[in-house]
Amino acid sequence: MKKIAILGSTGSIGTQALEVISENRDAFSVETLTANNNADLLIKQAQLFKPNSVVIKNEEKYNEVNNALSSKGIKVYCGAKSIEDIVTSDSTDIVLTAMVGYSGLLPTINAIKKGKTIALANKETLVVAGKLITDLAKEYGSKILPVDSEHSAIFQCLAGEHHNPIEKIFLTASGGPFRGKDRNFLQTVTKKQALNHPNWVMGNKITIDSASLMNKGLEVIEAKWLFDLKTDQIDVVVHPQSIVHSAVQFEDGSIKAQMGIPDMKLPIQYALGYPKRIKNTFERFSFFNYPNLTFEKADRKTFKNLDLAYKALENGGNSPCILNAANEVAVEAFLNERISFLKMSDLIVNCMEKIIFVKNPSLEDLIATDRETRILANQLL
Ligand code: MN3
C-alpha cells in the first residue's frame, strides 16, 4: 500500500489523481490533502478518502474546514508553511505536487530532503530551480517521476533503455486554440477564446500557457532537468491530435513514441503505480478513429513565449526563474483582463532584460529573483 500526499487536491490533476486512487483502493491510500482556497471540495474529498491530515492554504477558511473534519479524527492545518511541513511526514511515501506555479517549490524541496518519491505535476518547480532540485534529489536519493503527459511519455519510452543514451527528444504540442493564427489575429483574442483548449481540460493557468505556447517552453526546461539533456537535444513538434504524447530518438536513429487518447489519468496512474502498470478501464485508442495523425513545425515567430523559454534555458542561472515569475504575473493579468494576449510576451521580455542575472543562484537567490521579478512585472503593468 502506497501512502500518498496530494498537494493541490482540488485542482484538475488533484481531482483526477483521486479518481485513480478510488479505483485502486487496495494499492493506494491518501495520507494528506492540501488545497489553496476550495474549502468545500477539500472537505468533501477528506470525508470520502479519510486522510490523516489536510491543509487549507487560505487561513481564513481554517475554521470552516476544521469544524467539518476535526470530529472525524482528521488533523486540520492552514497556511503555506503547514504545506511545507506536512510533506515531511514519516508516513507519506509519494508526494504528488499538483499545485499551480512557483508555490510548489519549497514543499517539493522539503519532500526531497526526506527522500520521498515525488510525482511531479508542478513543472514550474523544475523551471525555477531545476539544477538545485535535481542535485538535491541525487543527494537525498529521492525519485522524481513525471506526471506531465509529454514527460511521462518520454519516461515510458526510456523504460529498459537504461544504458542507451538519448540522441534527442521530440516534445509534442497540440498547438492550442490559436494554432495557425498570426500576430494580427492574436492582438485581439479574448480570455474566453484562450481558455477554449481543443484537446485537454485543465486549470486556467496552464490553459493560457498552452494557448501562448509558454506551456511548451516550460516543458522544454522541465525536460532538460528530468532527462539531463542539452538544449539542442530538445525539439518541439506540433501535433494537433494529441495522440503521440512525445518521442525519444536513440543513437541508432530509432524513435520510440508513447501514444494514447489524451487523458491525464494515465500519466498520473503511471507515476503513482511505477514501475507497475495498473489495469484499468480507461477508453482505448483506435487507429481507425484517427486515420490522419499530422505533425508541423512550431511557429516560434508568432508564439514568442516558446522562443523566450529556449532563451532563458540557454542563459541558465536565474533566467528561467525570471521567465516563470514574469509569466505568472502576465497570465494572471490576462485572466483579469488587464493586458492583451500579446502583451504577455512583452512583459516577460522586459523582466528578462531588467532583472539582474545570477549565474549560479542559491535557493535564497531564486526566492529573491522571484520576488523582485513579481514586483517589477506588477509595476510594468
Ligand atoms: Mn504537458
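Me: Before we start, what counts as a cavity here?
Reply: A cavity is a set of grid points where a 1.4 Å probe fits but cannot get out. Keep in mind that this is a predicted model.

Me: Good to know. How many cavities of 30 Å³ or more turn up in the whole structure?
Reply: The search finds two. The largest cavity has a volume of about 70 Å³, and the second largest cavity holds about 50 Å³ of space.

Me: Which residues line the largest cavity?
Reply: Its lining consists of Ser149, Ser152, Gln156, Trp200, His245, Gln258, Ile261, Asp263, Leu266 and Pro267. By class, they divide into four nonpolar, five polar and one charged.

Me: And which helices supply at least two residues of that lining?
Reply: Helix H7 (149–157) and helix H12 (265–273) each do. H7 gives the most, with three residues.

Me: OK, what lines the second largest cavity?
Reply: Around the second largest cavity you'll find Arg183, Leu186, Ser212, Thr302, Phe303, Lys304, Asn305, Phe341, Leu342 and Ser345. Helix H8 (183–186) and H13 are the elements giving two or more residues to this lining. The class split is four nonpolar, four polar and two charged.

Me: H13 caught my eye. How does H13 pack with H11?
Reply: H11 and helix H13 (residues 304–315) pack at an angle of about 25 degrees, and their axes are 7 Å apart.

Me: Why call H11 and H13 roughly parallel?
Reply: Angles under 35 degrees count as roughly parallel, and the angle here is about 25 degrees. H11 and H13 are therefore roughly parallel to each other.

Me: Is the crossing of H11 and H13 left-handed or right-handed?
Reply: H11 and H13 cross in a right-handed way.

Me: Switching to pockets: how much space lies in the second largest one?
Reply: The second largest pocket holds about 890 Å³. There are 26 lining residues, and the closest to the pocket centre are Phe155, Trp225, Leu226, Phe227 and Asp228.

Me: Which elements give two or more residues to that pocket's lining?
Reply: Those are helix H6 (123–140), strand S7 (144–146) and helix H11 (214–227). H6 gives the most, with six residues.

Me: What's the class mix in the lining of the second largest pocket?
Reply: You get 14 nonpolar, five polar and seven charged residues.

Me: Last one: where does the second largest pocket lie relative to the domains?
Reply: Domain 1 (2–146) and domain 2 (152–315) both give residues to the lining of the second largest pocket, so it lies between them.

Definitions and conventions: Residues numbered from 1 in each chain as written. Predicted model: local features only at pLDDT ≥ 70, side-chain atom pairs only at ≥ 80, totals over all residues. Heavy atoms only, no water. 1 Å grid on protein atoms, 1.4 Å probe; cavity = no way out; pocket = protein on both sides within 12 Å on 5 of 7 lines; lining within 4 Å. Points joined across faces, edges and corners; volume = space filled by probe spheres on them. Helix = DSSP H or I, 4+ residues; strand = E, 2+ residues; numbered from the N terminus. Nonpolar A, V, L, I, M, F, W, Y, C, P; charged D, E, K, R; others polar. Domains from an automatic or database assignment. Axes fitted to C-alpha atoms, helices over the stretch in contact; angles between N-to-C directions. Parallel < 35°, antiparallel > 145°, perpendicular 65-115°, else oblique. Left-handed = near helix turned anticlockwise from the far one by under 90°.
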